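Reader: Hi, I have a protein model to look at and I am not sure how to start. Could you go through it with me?

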Amino acid sequence: MPITVDIDVMLAKRKMSVGELADRVGITPANLAVLKNGRAKAVRFTTLAALCEVLECQPGDLLRWEAVDAGEAGDAAGG
């Protein structure tokens, strides 16, 4: 997936645990781990806003786009 989630970077900068962030945002640690590890297919804007509020950052601090290699593009398309 060309979108990379950098929650772990912000957690380290804020010296905060995944459990604490999940509690303060109002989601389960398991759901936060899915997002943090790049396995999520989508994120609600309300969740993104809550993450930004708690981590005192902008959405671009948590999400970034990376170009996909030609070999990976075939895999992503199901081929």
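Author: Let us begin with a definition for sorting residues: Ala, Val, Leu, Ile, Met, Phe, Trp, Tyr, Cys and Pro count as nonpolar, Asp, Glu, Lys and Arg as charged, and the others, Gly among them, as polar. Please also keep in mind that this is a predicted model.

Reader: Okay, so how do the residues lining the largest pocket divide into nonpolar, polar and charged?

Author: The lining of the largest pocket consists of seven nonpolar residues, two polar ones and one charged one. In the order of the chain, the residues concerned are Ile27, Asn31, Leu32, Val34, Leu35, Ala40, Ala42, Val43, Arg44 and Thr47.

Reader: Which helix gives the most to that lining?

Author: That is helix H3, which covers residues 29–36 and supplies four residues to the lining of the largest pocket.

Reader: And how much space lies in the largest pocket?

Author: The space in the largest pocket comes to about 150 Å³.

Reader: Let me step back a bit. How many helices and strands are there in the protein?

Author: The protein has six helices and two strands, and if you follow the elements from the N terminus on, their order is β-α-α-α-α-α-β-α.

Reader: What share of the residues count as buried?

Author: Of the protein's 79 residues, 27% count as buried. As for contacts, if you take those between residues at least 6 apart in sequence, 61% of them join residues at least 24 apart.

Reader: New topic: how many salt bridges does a search of the whole structure find?

Author: Searching the whole structure gives three salt bridges. One of them is between the side chains of Arg64 and Asp6, with an N to O distance of 2.6 Å. Arg64 belongs to strand S2 (residues 63–65) while Asp6 sits in the loop between S1 and H1, so this pair ties together parts that are 58 residues apart in sequence.

Reader: Is Asp6 buried or exposed?

Author: Asp6 is buried, because its relative accessible area is 13%, and buried means under 20%. Its place in the chain is the loop between strand S1 (3–5) and helix H1 (7–14).

Reader: What is Asp6 in contact with, leaving aside its neighbours within four places in sequence?

Author: With those neighbours left aside, Asp6 is in contact with Asp61, Leu62 and Arg64. The side chains of Asp6 and Arg64 also make a polar contact at 2.6 Å.

Reader: And what about Arg64, how does its accessibility count?

Author: Arg64 counts as partly exposed, with a relative accessibility of 36%. The side chain of Arg64 also meets that of Glu66 in a salt bridge, where the N to O distance is 2.2 Å. Through salt bridges that share partners, Asp6, Arg64 and Glu66 are joined into one network.

Reader: Where does Glu66 fall on the accessibility scale?

Author: Glu66 is partly exposed, since its relative accessible area is 36%.

Reader: Which side chain makes a polar contact with Glu66?

Author: That is the side chain of Thr4, and the polar contact between the two is at 3.4 Å. Thr4 is part of strand S1, and at 18% relative accessibility this residue counts as buried. Beyond its neighbours within four places in sequence, Thr4 is in contact with Leu62, Leu63, Arg64 and Glu66.

Reader: Which residue forms a salt bridge with Arg24?

Author: Glu20 does, and the closest N and O atoms of this pair are 3.4 Å apart. Both residues lie in helix H2 (residues 18–25), where Glu20 and Arg24 are four residues apart, about one turn of the helix. Glu20 is partly exposed at a relative accessible area of 35%, and Arg24 is partly exposed too, at 47%.

Reader: Last thing: where is Lys41, and is it buried or exposed?

Author: Lys41 is in the loop between H3 and helix H4 (45–55), and with 77% relative accessibility this lysine counts as exposed. Lys41 and Ile3 are 38 residues apart along the chain, and their C-alpha atoms are separated by 10.0 Å.

Reader: And Lys13, what is its place?

Author: Lys13 is in helix H1 and is exposed, with a relative accessible area of 56%. From Lys13 to Leu55 the separation is 42 residues in sequence and 9.1 Å in space, C-alpha to C-alpha.

Notes. Residues numbered from 1 in each chain as written. Predicted model: local features only at pLDDT ≥ 70, side-chain atom pairs only at ≥ 80, totals over all residues. Heavy atoms only, no water. 1 Å grid on protein atoms, 1.4 Å probe; cavity = no way out; pocket = protein on both sides within 12 Å on 5 of 7 lines; lining within 4 Å. Points joined across faces, edges and corners; volume = space filled by probe spheres on them. Buried < 20%, exposed > 50% of the residue type's maximum accessible area, 1.4 Å probe, protein only. Polar contact = N/O pair within 3.5 Å; in protein donor to acceptor, adjacent residues only side chain to side chain. Contact = heavy atoms within 4.5 Å. Salt bridge = Lys/Arg side-chain N within 4 Å of Asp/Glu carboxyl O.
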